[in-house]
Amino acid sequence: MPLDRLSFQGLRNLEPFEMTPGPHINLISGANGSGKTSLLEGIHLLGMARSFRTQKLKSVIGHDEEAFTLFGRLAGDPPVPLGVRRRRDTPELEIRVGGERAARITQLAEALPLQLINPDAFRLLEGSPAARREFLDWGVFHGESAFLDVWKRTRRALKHRNALLRHDRIDVQSIRVWEQELAHWSERLDALRETYMARFLPVFEETLAALLPLPDLALRYSRGWDGKRELLDIFEGNRDTDRQMGFTQQGPQRADLRIRLGRHPAVEVLSRGQQKLVVSALKLAQGRLLEQWNARTCLYLIDDLPAELDGEHRQIFCRWLETLDCQVFITSVDHSALADVWQPGTDVATSRISRGRLHPE
């Protein structure tokens with residue numbers, strides 16, 4: 001469901017505003033520092049309860065403001081209101097979904113699935129495996145109802161085993177109990193990830209072929225341990241070396257997505273523009289699979305779409321966005337860079353931000 005209303009107050013340098021977004025393409029232009037990225041950050045907070053710019057939400061509160069208050073409404077019958085509020089004098093984030101106080105942050109993610117394409121998205125190619133695991137688990141979370149419970153149980157067992165490894169003397173009986181628990185839930189988590197990847201790969205390949213044909217690019221899931229051995233045997237056999245390191249060295253917490261072009265890591269071969277199209281294909285494919293899997297649409301936040309892309313690939317990217325039945329918020333410094341990329345009849349709502357003030361056009 002698209003957002004049909006936004007109301008932000010106290011968010012960074014943005015003046016308080018109310019906005020009626022278009023159901024499809026929303027283009028926001030403005031000079032650097034005008035507040036474009038802050039607007040996307042506010043929508044991201046509505047869907048993820050966290051910022052993509054900082055871990056300290058207190059810094060998101062505007063100067064001389066006591067709090068930020070973000071409101072959005074999902075179109076539907078009935079519509080679903082979403083709200084996030086953070087006061088300067090308390091670390092607690094107040095979250096409301098459907099008019100009720102939310103007990104879990106994941107309720108926002110369930111209500112408003114969103115994908116962010118910004119400079120941080122390059123971490124899918126050049127960053128640590130943690131960024132790619134987060135990307136993978138976003139898809140599994142939205143596709144498999146059992147994922148969250150399995151993931152939490154795996155994390156709990158891993159935490160207990162790691163704590164026991166750091167003791168001066170290991171209680172063998174206790175650590176065996178947690179190793180059995182960790183092996184069981186790790187294998188369940190791996191199975192969910194494997195199932196997701198089997199569905200994701202053909203959608204990704206189709207999306208990438210439309211944006212940037214790279215027949216030699218390969219995407220492979222690595223589970224994080226030697227699949228030829230029982231995981232419980234690995235835990236028992238590695239207990240001494242894990243104890244020396246102070247943590248569990250193999251398991252689903254080491255899972256990764258290997259992205260290679262021929263024999264080389266893709267990040268070492270591709271240009272910056274090609275990298276942007278590859279990570280965009282990854283993100284767009286997740287949204288497409290979400291819609292195929294459970295008939296839900298994904299909202300896309302695309303910060304500075306024209307950057308790193310020539311005119312031809314801007315048009316290809318935007319034409320692909322036109323085919324998606326979803327809501328998109330795009331920022332650009334130069335409005336004219338995206339003025340002529342849309343086909344006649346495409347629903348494009350335009351706004352301009354100047355010195356923190358939003359001006360619908």
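**Pockets, cavities and buried side chains**

At a relative accessibility of 3%, Thr248 counts as buried. The model in which this residue is found is a predicted one, and Thr248 has its place there in the loop that runs between α8 (239–245) and β10 (256–261). The side chain of this buried threonine is not without a polar partner, since a polar contact of 2.8 Å links the side chain of Thr248 to the side chain of Asn162.

Two further buried residues can be set beside Thr248. Thr331, whose relative accessible area is 1%, is buried and belongs to strand β13, which covers residues 328–332; the side chain of Thr331 is joined to that of Asp303 by a polar contact of 2.5 Å. Ser38, placed in helix α1, is likewise buried, with a relative accessibility of 4%. Ser38 and Val60 are separated by 22 residues in sequence, while their C-alpha atoms stand 8.8 Å apart in space.

From these residues one can turn to the open spaces of the model, beginning with the largest pocket, which holds about 1400 Å³ of space. Its lining is made up of 45 residues, and those that lie nearest the centre are Met48, Arg50, Glu134, Phe135 and Trp138. The elements that each supply at least two residues to this lining are α1 (36–48), α2 (106–111), β8 (114–117), α3 (123–126), α4 (129–143), α5 (147–165), α6 (172–211) and α10 (272–294). Which of these elements gives the most to the lining of the largest pocket? It is α4, with a contribution of nine residues. In terms of residue class, the lining of the largest pocket consists of 21 nonpolar, 12 polar and 12 charged residues.

The second largest pocket has a volume of about 190 Å³. It is lined by 16 residues, of which Met1, Pro2, Ala111, Pro113 and Thr297 are the closest to its centre. By class, this second lining divides into 11 nonpolar, two polar and three charged residues.

Helix α6, one of the elements that supply at least two residues to the largest pocket, has two further features that can be followed along its length. At its N-terminal end, α6 is capped by Asp171, a side-chain oxygen of which lies 3.2 Å from the backbone nitrogen of Gln173. At Phe200 the helix bends by about 30°, and within four residues there follows a proline, Pro202.

Besides the pockets there are enclosed spaces, and the count of cavities of 30 Å³ or more comes to two. The second largest of them contains about 40 Å³ of space, and its lining is formed by Trp138, Gly139, His142, Gly143, Tyr196, Gln286, Leu289, Leu290, Trp293 and Asn294. Two elements, α4 and α10, give two or more residues to this lining, and the largest share, five residues, comes from α10. Five of the lining residues are nonpolar and five are polar, with no charged residue present. Trp138, which is among the residues nearest the centre of the largest pocket, is also one of the residues that line this cavity.

The largest cavity, with about 50 Å³ of space, is lined by Gly287, Arg288, Glu291, Cys298, Tyr300, Leu324 and Cys326. Here again α10 provides the largest share of the lining, in this case three residues, and the classes are represented by four nonpolar, one polar and two charged residues.

The two cysteines in that lining, Cys298 and Cys326, raise a question of bonding. Why do the sulfur atoms of Cys298 and Cys326 not form a bond? For Cys298, the closest cysteine sulfur is the one in Cys326, and the distance of 7.0 Å is too far for a bond; seen from Cys326, the closest cysteine sulfur is in turn that of Cys298. A disulfide requires cysteine sulfur atoms within 2.5 Å, and by this rule the model has zero disulfides. Both cysteines count as buried, Cys298 with a relative accessible area of 3% and Cys326 with a relative accessibility of 7%.

How values were computed
Residues numbered from 1 in each chain as written. Predicted model: local features only at pLDDT ≥ 70, side-chain atom pairs only at ≥ 80, totals over all residues. Heavy atoms only, no water. Buried < 20%, exposed > 50% of the residue type's maximum accessible area, 1.4 Å probe, protein only. 1 Å grid on protein atoms, 1.4 Å probe; cavity = no way out; pocket = protein on both sides within 12 Å on 5 of 7 lines; lining within 4 Å. Points joined across faces, edges and corners; volume = space filled by probe spheres on them. Nonpolar A, V, L, I, M, F, W, Y, C, P; charged D, E, K, R; others polar. Bend = angle between axes of the 7 residues up to and from the residue. Polar contact = N/O pair within 3.5 Å; in protein donor to acceptor, adjacent residues only side chain to side chain.
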